[in-house]
Amino acid sequence: MVQSTMWNAEAGIFHPDYLNYLQGHIAVEFPDAPIEEYQIKDKITRWKQACSVILNLIQVPGFHWDPTQHKVVAEVYK
């Protein structure tokens, strides 16, 4: 979606109609799964919350992101 016209690169945000855009693409890929805009918005909100927690956690000394395992790793000090 970032490569589409829905992304405003200068501001770093999606255009207001991005939920409708996503809903249209989901409907094409999964025609038997009716998805509403509010469901997409709710999912994005939860993803943002999870990402915020991860970003805050990896800034704490002793934690880092493992790109191979795709998870946060805590250093164990003895």
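What follows is a short chat about a predicted model of one protein chain.

User: What kind of model is this, and which cut-offs apply to local features and side-chain atom pairs?
Analyst: It's a predicted model, where local features need pLDDT of at least 70, side-chain atom pairs count only at pLDDT 80 or more, and totals for chains, interfaces and linings use all residues. Residues are numbered from 1 along each chain as its sequence is written, and side-chain values use heavy atoms, with hydrogens and water left out.

User: Ok, what's the mean pLDDT of the chain?
Analyst: The mean is 84, and 83% of the residues reach 70 or more. pLDDT is the predictor's confidence in each residue, from 0 to 100.

User: Which elements have the lowest and highest mean pLDDT?
Analyst: Strand S1 (residues 7–8) has the lowest at 68, and S3 has the highest at 92.

User: What's the order of helices and strands along the sequence?
Analyst: It reads β-β-α-α-β-β, with two helices and four strands in the chain. Those are DSSP runs numbered from the N terminus: helices are H or I with at least four residues, strands E with at least two.

User: Back to S3. How does it pair with S4?
Analyst: S3 (residues 63–66) and S4 (residues 71–74) run antiparallel, over four bridges. Pairing takes at least two bridges found by DSSP.

User: Which residues sit across from Trp 65 and Asp 66 in S4?
Analyst: Val 72 is the bridge partner of Trp 65, and Lys 71 stands opposite Asp 66.

User: And what's the phi of His 70 in that hairpin?
Analyst: His 70 takes a positive phi near 55°, in a hairpin with four residues between the strands.

User: New topic: what's the volume of the largest pocket, and what lines it?
Analyst: The volume is about 160 Å³, and the lining is Ile 13, Phe 14, Tyr 18, Ile 44, Trp 47, Lys 48 and Cys 51. Strand S2 (13–14) and helix H2 (37–58) are the elements giving two or more residues to that lining.

User: How many of those come from H2?
Analyst: Four, the largest share of the lining.

User: Last one: how much of the chain is buried?
Analyst: Of the 78 residues, 10% count as buried, meaning under 20% relative accessible area with a 1.4 Å probe, protein chains only.

Conventions
Buried < 20%, exposed > 50% of the residue type's maximum accessible area, 1.4 Å probe, protein only. 1 Å grid on protein atoms, 1.4 Å probe; cavity = no way out; pocket = protein on both sides within 12 Å on 5 of 7 lines; lining within 4 Å. Points joined across faces, edges and corners; volume = space filled by probe spheres on them.
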